[in-house]
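Colleague: I'm new to reading structures, and I keep meeting labels that nobody explains. Could you take me through a few of them?

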Amino acid sequence: MQTIEDYILEHIDEEDSLLAAINRDAHVKLLHPRMMSGRLQGRLLKMFCRMMRPKRVLEIGTYTGYATICIAEGLDDDALIYTIEKNDELQPFTIPYIEKSLYRDKIRLFWGGIEELFPTFDETFDMVYIDANKRDYNMYYDLVFPHLKSGALILADNTLWSGKVVEEYHVPSDKQTQGILEFNDRIKNDDRIEKVILPVRDGLTMIWKK
């Protein structure tokens, strides 16, 4: 029986051969391929860039580089994406794909913790995509928010966290779930922004800075 997601994928743009290779190889070589942005979310990220035309994008959590390349694909020729990945064990997987990408000149890839790297960037960002350690979402938010222009867009991934956000927890049993719950509550009560959660894949929160 065809699912709604199957139907959607039949009626949206295709991913290119490089993105398809990343998707395939991630499922063969990596322990947690589900962490990767897939075709639907990748096309959505590209579309956000087409509409907003940001000059500087920050990605927190590169992982395979799939979302990175999708974002770069949607950027104007004079725009850049700065992407940060803490897990340097991913370098042998991710770097070759970034280097093969047609959009590699728009990508600046950094390895290490955002706490150390971000202060070295002399940039103001128009768009941020957060898809890293869920325990640290509030820290990422506090770090980058002062460096965003009015009208900037933050996209936070996994904010429905496989439905765990609505399960009956007196105290969340894991730090990742607790981090997402705390972040969602923080965003709900922040009057400096406008926000909406999209029920796409594992939840994608759109946050617009006033």
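Modeller: Sure, and keep in mind that this is a predicted model. Let's begin with one cut-off: a residue is called buried when its relative accessible area is under 20%, exposed when the value is over 50%, and partly exposed in between.

Colleague: Okay, so why is D126 called buried?

Modeller: Its relative accessibility is 13%. The limit is under 20%, so D126 counts as buried.

Colleague: And what makes K149 partly exposed?

Modeller: K149 comes out at 39% relative accessibility. That falls between the 20% and 50% limits, so partly exposed is the right label for K149.

Colleague: How do you know that D126 and K149 form a salt bridge?

Modeller: You look for a side-chain nitrogen of Lys or Arg within 4 Å of a carboxyl oxygen of Asp or Glu. For D126 and K149 the N to O distance is 3.2 Å, so the pair passes. D126 sits in strand β4 and K149 in strand β5 (residues 148-157), so the bridge ties together parts that are 23 residues apart in sequence.

Colleague: What makes β4 and β5 a pair of strands?

Modeller: Pairing takes at least two bridges between the strands. β4 and β5 have 5 bridges, in the parallel sense, so they qualify. One example is M127, whose bridge partner in β5 is L153. Between these strands the chain passes through helix α7 (residues 137-144), and this β-α-β crossover is right-handed.

Colleague: Which strand does β1 join, and by how many bridges?

Modeller: β1 is joined to β4 by 4 bridges, and the two run parallel. Within β4, I130 is the bridge partner of I60.

Colleague: Why is β4 described as largely enclosed by the rest of the structure?

Modeller: Because 6 of the 6 residues of β4 are buried.

Colleague: Back to salt bridges: how many are there in the whole structure?

Modeller: The search finds 12. One of them is between R43 and E73, with 2.9 Å from N to O. This pair links distant parts of the chain, since R43 is in helix α3 (residues 39-52), E73 is in helix α4 (residues 66-74), and 30 residues separate them.

Colleague: Are R43 and E73 buried or exposed?

Modeller: Buried. R43 has a relative accessible area of 10%, and E73 has a relative accessibility of 11%. Both values are under 20%, so the label fits each of them.

Colleague: What other salt bridges can I look up?

Modeller: Try E123 and R56, at 3.2 Å from N to O. E123 lies in the loop between α6 (114-117) and β4 (125-130), while R56 is in strand β1 (residues 56-60), so parts 67 residues apart in sequence are tied together. There's also a network of salt bridges that links R53, K55, D76 and D78.

Colleague: What about the largest pocket: what lines it?

Modeller: The lining has 41 residues, and M35, Y63, D131, A132 and N133 are the closest to the pocket's centre. Its space is about 980 Å³. By class, the lining has 15 nonpolar, 12 polar and 14 charged residues. At least two lining residues come from each of β1, α4, β2 (80-85), α6 and α7.

Colleague: Last one: why is A21 called buried?

Modeller: A21, in helix α2 (residues 17-29), has a relative accessible area of 12%. That is under 20%, so A21 is buried.

How values were computed:
Residues are numbered from 1 along each chain as its sequence is written. This is a predicted model: local features need pLDDT of at least 70, side-chain atom pairs count only at pLDDT 80 or more; totals for chains, interfaces and linings use all residues. Side-chain values use heavy atoms; hydrogens and water are left out. Buried means under 20% relative accessible area, exposed over 50%, partly exposed in between (1.4 Å probe, protein chains only). A crossover is right-handed if, with the strands pointing away from the viewer, the path from the first strand over the helix to the second runs clockwise. On a 1 Å grid over the protein atoms alone, a cavity is a set of points where a 1.4 Å probe fits but cannot get out, and a pocket is an open set with protein on both sides within 12 Å along at least five of seven lines; lining residues have an atom within 4 Å of a point. Grid points are joined across faces, edges and corners, and a volume is the space filled by probe spheres set on the points. Ala, Val, Leu, Ile, Met, Phe, Trp, Tyr, Cys and Pro count as nonpolar, Asp, Glu, Lys and Arg as charged, and the others, Gly among them, as polar.
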